[in-house]
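Visitor: I would like a close look at a single part of this model, taken slowly and with its surroundings explained. Please choose one strand and tell me how the rest of the fold is arranged around that part.

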Amino acid sequence: MKTSLPSGAIHVKDINLWAHVGVLDSERINGQYFNLDFSIWLELDEASNYDDFSLSIDYRLGINAIQKLALKVKCLTIETFSDKILDCLESIYGPLPIQIILTKCNPPIAGFSGEVAVERRRNFY
């Protein structure tokens, strides 16, 4: 059994998404902004040594797929939305270690001007 992460990671930050997610009906009807960061761990030594893109991952595929997913999703919780994002990334890249931070940019809470985020991981050893 493998006990350590691969030698490198690719981090994608600040993907702006519009999605219909929230407990309130108005959140699911009108939609709202989310921000997503994702990281995928993989062996990057060969891609670096040989300057070979095929030995890495194409992060554009993940970004584009998540943008399309966000336009279709309707659910109550950011936890469910985060699970759908993990499923999407795993369907593209396989069972690599993946971490996401999904942030609800303007939660409709009286007197609160901050953000709420959920952090999830999958395929960590």
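Guide: Strand β4 is mostly covered, since six of its seven residues are buried. The model is a predicted one, and what follows should be read with that in mind. The setting of β4 is an open sheet of five strands, in the order β3-β1-β2-β4-β5, with mixed pairing. The edges of this sheet are β3 (74–75) and β5 (116–122), each of which pairs on one side only.

On one side, β4 is joined to β2 by seven bridges, and these two strands run antiparallel; within this pairing, F38 has I100 of β4 as its bridge partner. Seven bridges also join β4 to β5, again with the strands running antiparallel, and here T103 stands opposite A117 in β5. Strands of a sheet pair through backbone hydrogen bonds, either parallel or antiparallel. Farther along the sheet, β2 (residues 32–42) is joined to β1 (residues 8–21) by ten bridges, in an antiparallel arrangement, where A19 stands opposite Q32 in β2.

Helix α4 (residues 78–93) packs on this sheet and touches β1, β2, β3, β4 (98–104) and β5, its direction making about 35° with that of β5. Helix α3 (residues 59–72), for its part, lies across β1, β2 and β3, and runs at about 15° to β1. The buried residues of α3 are G62, I63, I66, L69 and A70; they cover an arc of only 130° around the axis, and therefore sit on the same side of the helix. These buried residues pack against β1, β2 and α4, whereas the face of α3 turned away from them carries the exposed residues R60, K68, L71 and K72. The length of α3 also agrees with expectation, because its 14 residues should span 20 Å at 1.5 Å a residue and its end C-alpha atoms are 21 Å apart.

Returning to β4, its residue K104 takes part in a salt bridge with E27, in which the closest N and O atoms are 2.8 Å apart. Because E27 lies in helix α1 and K104 in strand β4, the pair ties together parts that are 77 residues apart in sequence. Both partners fall under the 20% limit for burial: E27 has a relative accessibility of 6% and counts as buried, and K104 is buried with a relative accessible area of 11%. Helix α1 (residues 25–30) also holds D25 and R28, which are three residues apart and so separated by about one helical turn; their side chains meet in a salt bridge at 2.5 Å, N to O.

The neighbouring strand β5 has a link of this kind to α4, for R122 forms a salt bridge with E90, with the closest N and O atoms 3.1 Å apart. R122 lies in β5 and E90 in α4, so this pair ties together parts that are 32 residues apart in sequence. Here R122 is buried, with a relative accessible area of 17%, while E90, at 24% relative accessibility, counts as partly exposed. R122 and E90 also belong to a network of salt bridges that links D83, D87, E90, R120 and R122. Altogether, the count of salt bridges comes to eight.

Definitions and conventions:
Residues numbered from 1 in each chain as written. Predicted model: local features only at pLDDT ≥ 70, side-chain atom pairs only at ≥ 80, totals over all residues. Heavy atoms only, no water. Pairing = 2+ DSSP bridges. Helix = DSSP H or I, 4+ residues; strand = E, 2+ residues; numbered from the N terminus. Contact = heavy atoms within 4.5 Å. Axes fitted to C-alpha atoms, helices over the stretch in contact; angles between N-to-C directions. Buried < 20%, exposed > 50% of the residue type's maximum accessible area, 1.4 Å probe, protein only. Salt bridge = Lys/Arg side-chain N within 4 Å of Asp/Glu carboxyl O. Expected span 1.5 Å × (residues − 1). Arc of directions from axis to C-beta.
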